[in-house]
Amino acid sequence: MATGSHFNTDLTGRIALVTGGTKGIGKAIAEELSSAGATVIVSARSKPTDGNPAHHFIAADLTSPQDVSALTNEINGTYGGLDILVNNAGGLTTPGGGHSTLTDQHWESELQLNLISAIRIDRALLPGIIEKRGVIIHISSVAGRQALWNLNMAYAVSKAALNSYSKALATELAGKGVRVLTVAPGATKTPPMEKFIVDYATAQNIPEDEALAQLLMQTGGIPMGRMAEPSEVASLVHYLVSPAAGYLTGSIYAIDGGSLPVVS
Ligand SMILES: NC(=O)c1ccc[n+]([C@@H]2O[C@H](COP(=O)([O-])OP(=O)(O)OC[C@H]3O[C@@H](n4cnc5c(N)ncnc54)[C@H](OP(=O)(O)O)[C@@H]3O)[C@@H](O)[C@H]2O)c1
């Protein structure tokens, strides 16, 4: 006898923060969550001119502890707690070339942006998230499992640490009804990825399509033969934060067209 579907992905009434929700993957996640009914807050350093007016924008540089305090105080004061926190802001900001090109400053800035900022935001918002039995997503990268020494060493290390932190936090909070999950995209068609390809092509003095082919070859290629669309990552995040995923916590979800050459 049919009992009806329990696949509930409705987010009506939920309050969500998407850091870096103004561009690329974060923008797609913010749009996806609001389409599912959530009230969405987005943060970034600069307010976009073409931002969604329905989203509550809060300016903050997440590498600054003062800005993180102001952001989290405003959210706690206005909303009294979050149901959904997507720590998405991050990126590869340091040069390739391996260990000798990376200074202390490079290591510190990459760790601040990709690891410490999420830890700081989680800590400040967790009392309200625990009260609402909410869910936290950390946007990592396949690089966190497969570092490419000549391309992304410090970035990969910061994302590997984020994976480990996310797992530990999930275990700590499972008994309080808070779920914590990690999403690890592979190459995704966003402005920084496009710039990365152009910069690599310029540095190697080769055309962009050859640069893309070379970069993909260094990661073992993408079996599906294309990069992800930001909306595809957003669909996964939507599912993970929804009631349909209520028994999922502590796991990492690679979304990479099959590119990670390991069992995930
Ligand atoms: N694109 C990929 O191929 C790919 C692959 C794997 C993982 N990822 C991960 O996915 C996440 C999003 O990447 P994306 O490619 O979508 O990046 P993106 O298009 O550059 O967007 C980054 C967002 O974060 C904000 N941001 C950047 N630095 C910030 C800072 N210091 N403080 C506050 N906000 C900041 C940006 O706005 P402002 O510039 O105005 O601050 C923007 O809204 C990152 O964590 C990245 O590591 C991306």
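Trainee: What makes the pair formed by K23 and the ligand a polar contact?

Mentor: Keep in mind that this is a predicted model. A polar side-chain atom of K23 sits 2.8 Å from an oxygen atom of the ligand. The cut-off for a pair of N or O atoms is within 3.5 Å, so this pair counts as a polar contact. The protein covers 92% of the 890 Å² of accessible area that the ligand has on its own.

Trainee: And how do you know that R45 makes a polar contact with the ligand?

Mentor: Run the same kind of check: a polar side-chain atom of R45 lies 2.7 Å from a ligand oxygen atom. That falls within 3.5 Å, so it counts too. For T190, the partner is a nitrogen atom of the ligand, at 2.8 Å.

Trainee: Which residues of the shell are closest to the ligand?

Mentor: T22, R45, S46, N88 and Y155 are the closest of the 30 residues around it. The shell divides into 13 nonpolar, 13 polar and four charged residues. Helix α5 (191-204) gives the largest share, three residues. Domain 1 (15-186 + 232-254) and domain 2 (187-227) each supply at least three residues.

Trainee: Why are β4 and β5 called paired strands?

Mentor: Pairing takes at least two bridges, and β4 and β5 have four, so they pair, in the parallel sense. Across that pairing, I84 stands opposite V135 in β5. Strand β1 also runs parallel to β4, joined by three bridges, with L17 opposite L85.

Trainee: What makes both faces of β4 covered?

Mentor: I84 and V86 on one side, and L85 and N87 on the other, are all buried.

Definitions and conventions
Residues numbered from 1 in each chain as written. Predicted model: local features only at pLDDT ≥ 70, side-chain atom pairs only at ≥ 80, totals over all residues. Heavy atoms only, no water. Near = heavy atom within 4 Å. Polar contact = N/O pair within 3.5 Å; in protein donor to acceptor, adjacent residues only side chain to side chain. Areas by Shrake-Rupley, 256 points an atom, 1.4 Å probe, with all protein chains shown as cover. Nonpolar A, V, L, I, M, F, W, Y, C, P; charged D, E, K, R; others polar. Domains from an automatic or database assignment. Buried < 20%, exposed > 50% of the residue type's maximum accessible area, 1.4 Å probe, protein only.
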